[in-house]
Amino acid sequence: MIGKVAVLAGLLGSAAYVMSNVTDEDPSVYPYSKDQVVGMLTTARTTLPRRDGDGTIEIWSAGRSGQGVTLNMRYDKGAPVLACQAVVTAVDADKSRVAADCGAATSSTSALSRTQAQLRVPMFAEHIEATLRKRPFDRANVDRGESAAVFQNLGGMQRESLQRSAADREAQRAATGR
């Protein structure tokens, strides 16, 4: 009986150790040097079909930058090019942290502006993740990121909409003299 308890305690201890190492891992850290990450992202290209069926979405590198790599994205051939930085920071000689920085106005007073800026990040972030994890691009990850950006700012957008509606009604009353 004591032997079984000792074995069980050992297994539980091992499981706790493994789980603590897994949960402490930073998902933005990759097992590559900064030069390796920059090289991988510089040569990576993602092409995927648009959801409306016409055309493709493309993400590619515009080259190295002071922060890491400049990434470009176009939703269709005639659409404007959107840019984002893959900020690469060396954590260790063989580890790097990578984050998509699309210039999101997180400090903006407008929830709508914050949401629009944050909606650019998930596509670039998934391009980075898929490239560095050497796996296919997963549109579901983009959907989750976009949903999170919208829900994070939803209350603020609703308040702004109600304020704008009240201001419009007031302006209309003033214009009609009522």
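**Exercise 1. The loop residue K134**

Locate K134 in this predicted model, determine whether K134 is buried or exposed, and describe its phi angle.

Solution.
Step 1. K134 lies in the loop that joins helix 4 to helix 5.
Step 2. The relative accessibility of K134 is 63%. Exposed residues are those over 50%, so K134 counts as exposed.
Step 3. The phi of K134 is positive, at about 55°, although K134 is not a glycine. For comparison, most residues other than glycine have a negative phi.

**Exercise 2. The helices on either side of that loop**

Describe how helix 4 and helix 5 cross, and state which residues make the contact.

Solution.
Step 1. Two packed helices are described by the angle between their axes and the distance between the axes.
Step 2. Helix 5 covers residues 139–176, and its axis comes within 8 Å of the axis of helix 4. The two axes cross at roughly 145°.
Step 3. The crossing of helix 4 and helix 5 is right-handed.
Step 4. Helix 4 contributes P122, M123 and E126 to the contact, while helix 5 contributes R139, N141, V142, G145 and E146.
Step 5. Sorted by class, the contact of helix 4 with helix 5 has three nonpolar, two polar and three charged residues.

**Exercise 3. Two further positions in helix 5**

For A148 and G156, both placed in helix 5, assign the exposure class and give a C-alpha distance to a residue elsewhere in the chain.

Solution.
Step 1. A148 has a relative accessible area of 44%, so A148 is partly exposed.
Step 2. The C-alpha atoms of A148 and T115 are 9.7 Å apart, and the two residues are separated by 33 residues along the chain.
Step 3. G156 has a relative accessible area of 14% and is therefore buried, the limit for that class being under 20%.
Step 4. From G156 to R114 the C-alpha distance is 9.9 Å, with the two positions 42 residues apart in sequence numbering.

**Exercise 4. The disulfide**

How many disulfides does the model have, which cysteines form the pair, and what is its handedness?

Solution.
Step 1. A disulfide is a covalent bond between the sulfur atoms of two cysteines.
Step 2. The count comes to one disulfide.
Step 3. C84 and C102 form this pair, with their sulfur atoms 2.1 Å apart, which satisfies the criterion of within 2.5 Å.
Step 4. The torsion about the S-S bond of C84 and C102 is about -90°, so the disulfide is left-handed.
Step 5. The bond links distant parts of the chain, 18 residues apart: C84 belongs to strand 5, and C102 to the loop between strand 6 (95–101) and helix 3 (111–118).
Step 6. Both C84 and C102 are buried.

**Exercise 5. The nonpolar core**

State how many residues the largest nonpolar core has, which elements supply at least two of them, and what V98 touches.

Solution.
Step 1. In soluble globular proteins, nonpolar side chains tend to be buried together.
Step 2. The largest nonpolar core here has 22 residues, and L41, V98, I128 and L132 have the most contacts inside it.
Step 3. At least two core residues come from each of helix 2 (34–43), strand 3 (56–64), strand 4 (68–74), strand 5 (82–92) and helix 4 (121–132).
Step 4. With neighbours within four places in sequence left aside, V98 is in contact with S28, Y30, V37, L41, A86, V87, V88, I128 and L132.

**Exercise 6. A proline in a strand**

Describe the surroundings of P49 in strand 2.

Solution.
Step 1. Strand 2 runs over residues 45–49 and includes P49.
Step 2. P49 counts as exposed because its relative accessibility is 59%.
Step 3. Beyond its neighbours within four places in sequence, P49 is in contact with G55, T56, I57 and R139.
Step 4. The C-alpha atoms of P49 and Y75 are separated by 9.4 Å, and the two residues lie 26 residues apart along the chain.

**Exercise 7. The chain overall**

Give the pattern of helices and strands, the share of buried residues and the share of contacts that join residues at least 24 apart.

Solution.
Step 1. The protein chain has five helices and six strands, in the order α-β-α-β-β-β-β-β-α-α-α.
Step 2. Of the 178 residues, 29% are buried.
Step 3. Among contacts between residues at least 6 apart in sequence, 48% join residues at least 24 apart.

Conventions. Residues numbered from 1 in each chain as written. Predicted model: local features only at pLDDT ≥ 70, side-chain atom pairs only at ≥ 80, totals over all residues. Heavy atoms only, no water. Core = buried A, V, L, I, M, F, W, Y, C linked by side-chain atoms within 4.5 Å. Buried < 20%, exposed > 50% of the residue type's maximum accessible area, 1.4 Å probe, protein only. Helix = DSSP H or I, 4+ residues; strand = E, 2+ residues; numbered from the N terminus. Contact = heavy atoms within 4.5 Å. Axes fitted to C-alpha atoms, helices over the stretch in contact; angles between N-to-C directions. Left-handed = near helix turned anticlockwise from the far one by under 90°. Nonpolar A, V, L, I, M, F, W, Y, C, P; charged D, E, K, R; others polar.
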